[in-house]
Amino acid sequence: MTEDWDVDKVGEWLEDSNFSEYKDLFCKQHKIDGVSLLSLTEQDMKSDPLNMKVLGDIKRIYRAIENLKTAEFKEDSTTPCLIDNHTSKVKNLLYTNPGDDTSGLTLLSPLSLFKNEQQKQNRQNSEVLSYSKLQEWLRVLVGMGYLIFAIFLTSIVMTIVHDRVPDTLKYPPLPDIFLDNVPLIPVAFQAAELCGVSLAIMLTTILVFHKYRLIILRRLFSILGSLFILRCCTMFVTSLSVPGSHLNCTAQQYQSWESKIHRSLEIFTGAGMVLSGVKTCGDYMFSGHTTVITTLNLFITEYTAKDLHLMSTLGWILNMFGIFFVLAAHEHYSIDVLIAFYITT
């Protein structure tokens, strides 16, 4: 029986199974005998003190040990075993002497013992999967917190920058090829936001059915959070003149910090959207609407099944129309939109 093997016999088995390179590690360094060999798990081989590095060898050795157990149980499937209720040590009934004390032992067939071992391994694998899923959810929550922080910081910076909006009489709108040649469409900004909402619904639908939805969410939160923090820096550093007189922007509207925080919360809770009743003032380098719309489209393109060409095409159509509507609303200069699209992509 394998459990009666000494260290030398384990070494011979390793050589016969084409694992001779691990003979020194198993036999000389760690004195693994038959009992120790049968109790080895994948985790034992991965962690200290064995600390094996080659995943393929770990899998093959573990499979060979499992095959060894299976073959031994099949050869002796009709012979019952005694299992110690306290130490879980197994002893074949054929090797017990008539005078041996068998109190505290339970009669168990080798096949039942094998099934118990398999159930134990399945429970361990289930625990590992549950722990991995918990870790994944924690990463998603951290990414969500990062994005929420970035959006709130953006709201605060937008309120601060509002105090420094250039006077439209002293600093008229800058020359812009698109804005100078395309007339203002009053509802264009709402149309751009509807394009963004449509893209968000499409991406949500994809996430519901995607196998790796948590990883995608984590990436989405991280990328958007980083883009918004970069936008905070560019908004704070330079204040451009208002793109059009229709915005009716005046500086120094929020004198106290209490009013600034209150205004920041209004922007934050409304996600900076006109559809939510939020109206911002001034030009912000770069366009946040373009950033969000383009990011959503890129995620749809990347994670949509390859045979769903229509969804990817629709995503790009909504992306382009969204950018057009942002410009048609005369809320941003063309350079704001171009830089937002370039950085996002």
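Helices here are DSSP runs of H or I with at least four residues, counted from the N terminus, and N18 lies in the loop joining helix 1 (7–16) to helix 2 (23–29). The legends below walk through a predicted model.

**Figure 1. The whole chain, for orientation.**
Before zooming in, here is the overall inventory: the protein chain contains 13 helices and 3 strands. Of its 345 residues, 41% are buried. Among contacts with a separation of 6 or more, 75% link residues that sit 24 or more positions apart. The accessible surface amounts to about 19800 Å², and carbon and sulfur atoms supply 61% of that area.

**Figure 2. Two loop residues with positive phi, N18 and K31.**
Most residues other than glycine have a negative phi, and this view shows two that do not follow that habit. N18 is not a glycine, yet its phi is positive, at about 65 degrees. This residue belongs to the loop between helix 1 and helix 2. N18 counts as exposed because its relative accessibility is 63%, and the cut-off for exposed is over 50%. K31 also has a positive phi without being a glycine, here at about 50 degrees. Its loop runs between helix 2 and helix 3 (34–38). With a relative accessibility of 56%, K31 is counted as exposed too.

**Figure 3. A cis peptide bond at D48 and P49.**
Most peptide bonds are trans. The bond from D48 to P49 is cis, and its omega is near 5 degrees. If you are browsing the backbone, look for P49 in the loop that connects helix 4 (42–46) with helix 5 (55–75).

**Figure 4. Helix 8 and its cover.**
Helix 8 covers residues 188–209, which is 22 residues. At 1.5 Å a residue it should span 32 Å, and its end C-alpha atoms lie 33 Å apart, so the two values agree. The buried residues of this helix are A188, F189, A192, E193, C195, G196, L199, M202, L203, I206 and L207. Helix 9 (213–237), helix 11 and helix 12 are among the elements that cover them.

**Figure 5. Helix 8 against helix 9, with H210 in the loop between them.**
Two packed helices are described by the angle between their axes and the distance between the axes. For helix 8 and helix 9, the axes come within 8 Å and cross at roughly 145 degrees. On the helix 8 side the contact uses L203, L207, V208 and F209, while helix 9 brings R213, I216, L217 and L220. Sorted by class, the contact has 7 nonpolar residues, no polar ones and 1 charged. H210 sits in the loop that links these two helices. Is H210 buried or exposed? Its relative accessibility is 19%, and therefore H210 counts as buried, the cut-off being under 20%. Setting aside residues up to four places away in sequence, H210 touches I216 and Y303.

**Figure 6. Inside helix 9: the surroundings of L224.**
L224 is part of helix 9. Its relative accessible area is 8%, so L224 is buried. Once neighbours within four places in sequence are left out, L224 is in contact with L147, V292 and T295. The C-alpha atoms of L224 and I151 are separated by 9.1 Å, although the two residues are 73 residues apart along the chain.

**Figure 7. Helix 11, a mostly covered helix.**
Of the 16 residues in helix 11, 12 are buried. They are G288, H289, T290, T291, I293, T294, T295, L296, N297, F299, I300 and Y303. Their cover includes helix 8, helix 9, helix 12 and helix 13 (334–344). Checking the geometry, 16 residues at 1.5 Å each should span 22 Å, and the end C-alpha atoms are 23 Å apart, so expectation and model agree.

**Figure 8. Helix 11 packed against helix 12.**
The axes of helix 11 (residues 288–303) and helix 12 (residues 309–328) come within 9 Å and cross at roughly 175 degrees. Helix 11 is therefore roughly antiparallel to helix 12, a label used for angles over 145 degrees. From helix 11, the contact takes in H289, T290, I293, T294, N297, L298, I300 and T301. From helix 12, it takes in M311, S312, G315, W316, L318, N319, G322, I323 and V326. The contact residues divide into 8 nonpolar, 9 polar and no charged.

Conventions. Residues numbered from 1 in each chain as written. Predicted model: local features only at pLDDT ≥ 70, side-chain atom pairs only at ≥ 80, totals over all residues. Heavy atoms only, no water. Axes fitted to C-alpha atoms, helices over the stretch in contact; angles between N-to-C directions. Parallel < 35°, antiparallel > 145°, perpendicular 65-115°, else oblique. Contact = heavy atoms within 4.5 Å. Nonpolar A, V, L, I, M, F, W, Y, C, P; charged D, E, K, R; others polar. Expected span 1.5 Å × (residues − 1). Buried < 20%, exposed > 50% of the residue type's maximum accessible area, 1.4 Å probe, protein only. Areas by Shrake-Rupley, 256 points an atom, 1.4 Å probe, with all protein chains shown as cover.
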